[in-house]
Amino acid sequence: MAERERLNTPGDRRRHLFPKVELDPDSFGRFAEWVARFMGTAKFLVWMTIVVILWVTLNVVSIWHWKWDPYPFILLNLFFSTQASYSAPLILLAQNRQEARDRLTMEEDRRVAAQSRADMDFLAREIAALRMNMGEVATRDYVRGELRSSLRELLSELERDDAAEDEQRKESWLREQRGKDRR
């Protein structure tokens with residue numbers, strides 16, 4: 001069935017000399033970052049120095065009479081050139097990926113800063129509104145003062161009522177006493 005569909009669809013008539021190679025850009029990018037990180041370490045420099053010293057020593061001293069790269073060390077130079085030609089694009093790829101991550105981080109930071117600024121402006125407006133309304137709100141001292149004056153008024157009213165009741169009792173007692181004296 002797939003063959004028929006493939007035959008029914010027009011295809012590319014050009015012949016390619018090399019097969020089409022597709023790489024996962026994310027995997028290759030991680031590999032490039034790993035290479036860039038490794039090449040930027042002291043460990044890499046130490047290993048590279050050891051390899052160069054061994055290379056030169058083996059080719060100059062010619063242990064076992066095995067000289068594969070005589071004095072001008074053309075092969076070693078070729079290896080260094082090849083390493084540089086591969087490492088430079090890998091390092092650039094790693095830098096581009098880092099730049100893209102930094103750009104995303106910076107955009108996110110800007111978004112968060114803008115949101116924080118909007119939140120702060122909102123809170124500042126709310127605080128200003130609360131301060132303006134505080135003039136209309138009774139303070140604790142004002143309420144206490146009002147309660148005290150109300151209590152004083154109630155107490156004086158109660159005292160007057162008590163005095164009036166005492167006066168009435170006194171008058172009723174006097175009337176009773178007069179009524180008893182008349183009898």
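Is E33 buried or exposed in this structure? E33 is buried, with a relative accessible area of 9%. Buried here means under 20% relative accessible area, exposed means over 50%, and partly exposed lies in between, with a 1.4 Å probe and protein chains only.

Good morning. Before going further, I should state the basis of the values. This is a predicted model, in which local features need pLDDT of at least 70 and side-chain atom pairs count only at pLDDT 80 or more, while totals for chains, interfaces and linings use all residues. Residues are numbered from 1 along each chain as its sequence is written, and side-chain values use heavy atoms, with hydrogens and water left out.

I begin with the partner of E33. The side chains of E33 and R101 meet in a salt bridge, at 2.8 Å from N to O. A salt bridge is a side-chain nitrogen of Lys or Arg within 4 Å of a carboxyl oxygen of Asp or Glu. E33 belongs to helix α2 and R101 to helix α4 (residues 74-134), so the pair ties together parts that are 68 residues apart in sequence. Helices are DSSP runs of H or I with at least four residues, numbered from the N terminus. Unlike the buried E33, R101 is partly exposed, with a relative accessible area of 36%.

A search of the whole structure finds 10 salt bridges. Two further examples lie within single helices. In helix α5 (residues 140-182), E165 and R169 are four residues apart, about one turn of the helix. The closest N and O atoms of their salt bridge are 3.4 Å apart. E165 counts as partly exposed at 39% relative accessibility, whereas R169 is exposed, with a relative accessible area of 51%. Elsewhere, salt bridges that share partners join D26, R30, E33, R97 and R101 into one network.

The second example is in helix α4, where D121 and R117 are four residues apart and thus separated by about one helical turn. D121 forms a salt bridge with R117, with 3.5 Å between the closest N and O atoms. D121 is partly exposed, at a relative accessible area of 30%, and R117 is exposed, at 52%.

I turn now to the nonpolar interior. Which residues make up the largest nonpolar core? The six residues are A32, V35, M39, F44, M48 and L90. Helices α2 and α3 (42-61) each supply at least two residues of this core, and α2 gives the most, with three. A nonpolar core is a set of buried Ala, Val, Leu, Ile, Met, Phe, Trp, Tyr and Cys residues joined through side-chain atoms within 4.5 Å. One core member, F44, touches F38, M39 and Q83, not counting residues up to four places away in sequence. Contact means heavy atoms within 4.5 Å.

Helix α4 deserves its own remarks. Its 61 residues reach 87 Å from the first C-alpha to the last, close to the 90 Å expected at 1.5 Å a residue. That expected span is 1.5 Å times one less than the number of residues. The buried residues of α4 are L76, S87, L90, A94 and R97, and they pack against α2 and α3.

One of these residues, L76, also appears among the contacts of V56. V56 lies in helix α3 and is partly exposed, with a relative accessible area of 28%. Leaving aside its neighbours within four places in sequence, V56 is in contact with V61, F73 and L76. By contrast, the C-alpha atoms of V56 and E153, 97 residues apart along the chain, are separated by 111 Å.

Two other pairs describe the extent of the model. T82, in helix α4, counts as partly exposed at 33% relative accessibility. The C-alpha atoms of T82 and E167 are separated by 122 Å, with their positions 85 residues apart along the chain. F18 lies in the loop between α1 (2-8) and α2 and is exposed, with a relative accessible area of 69%. Between the C-alpha atoms of F18 and Q168, 150 residues apart along the chain, the separation is 126 Å.

Finally, I come to the surface. V21, L23, F28, F31 and W34 make a nonpolar surface patch of about 560 Å². Patches are made of residues with over 30% relative accessible area and no salt bridge, with like charges joined within 9 Å and nonpolar side chains (Val, Leu, Ile, Met, Phe, Trp, Tyr) within 5 Å. Among the patch residues, F28 lies in helix α2 (residues 25-39) and is partly exposed, with a relative accessible area of 37%. Thank you.

Note on methods
Accessible areas come from the Shrake-Rupley method with a 1.4 Å probe; for residues, only the protein chains shown count as cover.
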